[in-house]
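User: I should like a close look at a single part of this model, explained step by step for a first-year student. Please connect that part to its surroundings as you proceed.

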Amino acid sequence: MPEGYCVKCKAKKEIVDAVEEVMKNGRKAIKGRCPTCGTVMFKILGGKATPPPPATGGTPPGGAPGAANPAS
Ligand SMILES: [Zn+2]
């Protein structure tokens, strides 16, 4: 469950009913509600809409690490 800052509670809260949205600028955001007061919360995620490039050092393409073990 993602966390966000509720301006009404003035505290960090879990975001309930969180839905991921992609804004017009390509950034992702989480939109949901505060579990305590129900205020709409909006958390902008840092990454871009496009997934990060694979194989950034170590992970073999076409298989999750540890998922397959053909050498047996
Ligand atoms: Zn709240």
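In which strand does R27 lie?

Analyst: R27 lies in strand β4. The model is a predicted one, and every value below was computed from it.

It is helpful to begin with the chain as a whole. The chain holds five strands and zero helices, and reading along the sequence gives the pattern β-β-β-β-β. Of the 72 residues in the chain, 8% are buried. Among contacts with a separation of 6 or more, 25% are between residues 24 or more positions apart. As for confidence, the average pLDDT of the chain is 83, and 68% of the residues score at least 70. Confidence is highest in β2, at 95, and lowest in β5, where the mean is 82.

We may now return to R27. A residue is called buried when 20 or more other C-beta atoms lie within 10 Å of its own, and exposed when there are 12 or fewer. R27 has 14 other C-beta atoms within 10 Å, and so it is partly exposed. Its strand, β4, covers residues 27-33 and pairs with strand β3 in the antiparallel sense, over five bridges. One of the residues concerned is V16, whose bridge partner in β4 is R33. The two strands form a hairpin with four residues between them. G26, which belongs to that turn, has a positive phi of about 90°.

The partner strand deserves attention as well. Strand β3 spans residues 16-22 and is hardly covered, since the count of buried residues among its seven residues is zero. D17 is found in this strand. With 11 other C-beta atoms within 10 Å, D17 falls in the exposed class because the limit for that class is 12 or fewer. The phi of D17 is near 55°, a positive value in a residue other than glycine. Most residues other than glycine have a negative phi.

R27 also has a neighbour in space that is distant in sequence. I44 is 17 residues away from R27 along the chain, yet their C-alpha atoms are 7.5 Å apart. A similar case involves K28 and G46: the two are 18 residues apart along the chain, and 7.4 Å separates their C-alpha atoms. G46 is found in strand β5, which runs over residues 40-48. G46 has 6 C-beta neighbours inside 10 Å and therefore counts as exposed.

Between β4 and β5 there is a loop, and P35 is found in it. P35 has 15 C-beta neighbours inside 10 Å, so it counts as partly exposed. Leaving aside residues up to four places away in sequence, P35 touches K13, E14 and V16. V16 has already appeared above as the bridge partner of R33. P35 may also be compared with C6, which is 29 residues away in sequence, with 9.6 Å from C-alpha to C-alpha.

C6 leads to the start of the chain. Strand β1 (residues 3-6) and strand β2 (residues 11-14) run antiparallel and are joined by four bridges. C6 has A11 as its bridge partner in β2. β1 and β2 form a hairpin with four residues between them, and K10 lies in the loop that separates these two strands. K10 has 7 other C-beta atoms within 10 Å, which means that it is exposed. Its phi is near 55°, again a positive value in a residue other than glycine.

To return to the part under examination: R27 is a partly exposed residue of β4, a strand that pairs with β3, and I44 is 7.5 Å from R27, C-alpha to C-alpha.

Key:
Residues numbered from 1 in each chain as written. Predicted model: local features only at pLDDT ≥ 70, side-chain atom pairs only at ≥ 80, totals over all residues. Pairing = 2+ DSSP bridges. Contact = placed C-beta atoms within 7 Å. pLDDT = per-residue confidence, 0-100.
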